[in-house]
Each structure stands twice: as structure tokens, then as C-alpha cells.
Amino acid sequence: MTDTHAHYDDPAFDADRNDAITSALKVSDIIINAGISDIRSESTVALAEKYDRIYAAVGIHPQHSGDLSVIERLCAHEKVIAVGETGLDYRNADNAEKQRQRELFTAQIEIAKKYNLPLIIHCVDAWGDMLSILCGSHARGVLHGFTGSAETALTLVRQGFCIGFGGRITYPGAKRANAALRAIPTDRILTETDAPYAPPAPYFGRRCEGYMMRDTVSYISRSLDCDESIFEENAVKLFFEKEGSF
Ligand SMILES: [Zn+2]
């Protein structure tokens, strides 16, 4: 399995980081750790330097801020394989904050294109602006932890993007995301934990950890009646083939 989105540098792992990562690497062949700020992108790269099978995404999350020149410098690192997580999150955002997020996001799209890296994109309650920014951007990447509609997912797939699903897809109320999962081609689906956030349904309320990937991936492959190896192939195509087919 490939965990395309995790945060093992999060303070939730301060007490047992090494054990949590060692256990996660028994389940996932590759883990992509995503930065959320300039400082946390540095700590993400440090993790990738320490563990062979951890790779880094560097970026500034829409609800954070930071120095983009740090992100750009880190893009040249050999273990950095994506820009993210970046995107839009309009929960509790006023117009000035929405504008700030759009500028921060579009600047990171330009960095990704400059370094020919895919984007790892977070989007909550901002689908209209997300589509207008991404459509025609000639960027590539994944909409991680997808919660949008089937129609939105299909529009993004047509633009060349992948769609990532984590533990939230297993929640009984996740009807919209499940419709999106079933609407898109299997060769555009990625799997993730988003550890320490969003554990799959059986572990609700607990810290999300690497072994929980099994529940999420088997839920998705059962829903689609497909072999789970396709999700690994998709991740390799997006993150490890420089001139990827997406
Ligand atoms: Zn995340």
C-alpha cells in the first residue's frame, strides 16, 4: 500500500514518533508526509532524510502562513516529490481571508509547475473557486481527503487530477464522497491515512495511524470491486514518474 498523505511530524506523534512510523512502514511501502507550513515542511524533509521509504511534500496549508521562499528552496531536495499541502479552506473565512488563501495557493501552483512537481491539494467548502483556479492551470496533482461531489471529481479528473480518499470515506454519512468514488475511473484514485487525523470508521475518535490504511483500502477496493494494487500504481505514476502520464 502507499499512504499518499500523512503528518508524522505532527505533535500528536511527539511521544512515540519512531514507533508509530516503524509500525506504519510495515503496512505501507511508501509514505508521503505533507508539510503544512514553512517550519513543518522543514521537519517533513528531516523525516524523509531519516527514513528511506518516507517522501516529503512541502507546502503551506490554507489555514497556515509562512515563507514561500523556504518552500521553493526545499523543492530542490531529492526526497521532495510534491508541493503541498496547499489549497483552500473557507470554513470561517471572511473575504479578506479567502483572498489571502487564493494568493497563497496560486503562488504554490506556480512553484509546483516551476519544479515540475505534482500538487497535494486540500479543499473544504471552496469548490467553486478551486475549480476556477485549477481548470486550465496546467498543473497536476491530487485533491486529497476528497469530500466533494461526483460532478466536481469528474471535472477534476478530466483536467488530469487524481482524487485521494482517506478514512472519512468509510463514515456512514459520507454519501457524497462515496458517490464521487464510484463515479471516477479507478486509475485516478489514491489512498491515504491523513494520520493523525481522520481515522476510518472502526477507530473513530482515536489517533489515526498507519495500520488503519488496511481498513480504508479494503473499504475502497470492496466498494469498487477492484484489486487494491491499482492504487499503488496510480501513486507511482503521479509522484515518481517525472513526466507522468497525468
Ligand atoms: Zn493533511
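**Exercise 1. Overall size**

What radius of gyration would a compact globule of 246 residues have, and what does the protein have?

Solution. The model is a predicted one. Step one: for 246 residues, a compact globule would have a radius of gyration near 18 Å. Step two: the value for the protein is 16 Å, which agrees. Step three: along the principal axes, the C-alpha atoms fill a box of roughly 40 × 40 × 40 Å.

**Exercise 2. Elements, contacts and surface**

State how many helices and strands the protein has, then describe its contacts, cover and charges.

Solution. The protein has 9 helices and 8 strands. Of the contacts with a separation of 6 or more, 69% are between residues 24 or more positions apart. Buried residues account for 57% of the 246 residues. The accessible surface comes to about 10,200 Å², and carbon and sulfur atoms hold 49% of that surface. For the charges, take the mean position of the 26 positive ones and that of the 35 negative ones; these two points are 3 Å apart.

**Exercise 3. Strand β2**

Which residues of β2 lie on each of its faces, and are they buried or exposed?

Solution. Strand β2 spans residues 30-34. One side carries I30, I32 and A34. The other side carries I31 and N33. Each of these residues is buried, so both faces are covered. The count for the strand is 5 of 5 residues buried. Next, look at the pairing: β1 (residues 2-6) runs parallel to β2 and is joined to it by 3 bridges. In one of the pairs, D3 has I31 of β2 as its bridge partner.

**Exercise 4. The start of the chain**

Decide whether M1 is buried or exposed, and list what it touches.

Solution. M1 sits in the segment before β1. Its relative accessibility is 16%, and buried means under 20%, so M1 counts as buried. Leaving aside residues up to four places away in sequence, M1 touches V27, S28, D29, I30, M213, R214, V217, E228 and E232. One of these, I30, belongs to the buried residues of β2. E241 is 240 residues from M1 along the chain, and their C-alpha atoms are separated by 18 Å.

**Exercise 5. Strand β4 and the loop before it**

Compare the accessibility of D89 with that of E78.

Solution. D89 lies in strand β4 (residues 80-89). D89 has 0% relative accessibility and therefore counts as buried. Beyond residues up to four places away in sequence, D89 touches P62, Q63, Q101, H122 and V124. From D89 to Q63 the C-alpha distance is 6.9 Å, with their positions 26 residues apart in sequence. E78 is in the loop between α3 (68-74) and β4. With a relative accessible area of 73%, E78 is exposed. The C-alpha atoms of E78 and A48 are 9.7 Å apart, and the two residues are 30 apart in sequence.

**Exercise 6. Backbone details**

Where are the cis peptide bonds between G84 and E85 and between A195 and P196?

Solution. The bond joining G84 and E85 is cis, with omega about 10°, and E85 lies in strand β4. The bond from A195 to P196 is cis too, with omega near 10°; P196 is in the loop between β8 (189-191) and α8 (213-224).

Now find the loops that hold N92 and H138, and give the phi of each residue.

Solution. N92 is in the loop between β4 and α4 (95-114). Its phi is near 60°, a positive value in a residue other than glycine. N92 is exposed at 84% relative accessibility. H138 is in the loop between α5 (127-134) and β6 (141-143). H138 also has a positive phi, near 60°, and is exposed at 74% relative accessibility.

Notes: Residues are numbered from 1 along each chain as its sequence is written. This is a predicted model: local features need pLDDT of at least 70, side-chain atom pairs count only at pLDDT 80 or more; totals for chains, interfaces and linings use all residues. Side-chain values use heavy atoms; hydrogens and water are left out. Helices (H or I, at least four residues) and strands (E, at least two) are DSSP runs, numbered from the N terminus. The radius of gyration is taken over C-alpha atoms; the globule rule is 2.2 Å times the number of residues to the power 0.38. Buried means under 20% relative accessible area, exposed over 50%, partly exposed in between (1.4 Å probe, protein chains only). Contact means heavy atoms within 4.5 Å. Accessible areas come from the Shrake-Rupley method with a 1.4 Å probe; for residues, only the protein chains shown count as cover. Lys and Arg count as positive and Asp and Glu as negative; His and the chain ends are not counted. The place of a charge is taken as NZ of Lys, CZ of Arg, CG of Asp or CD of Glu. Two strands pair if DSSP finds at least two bridges between them.
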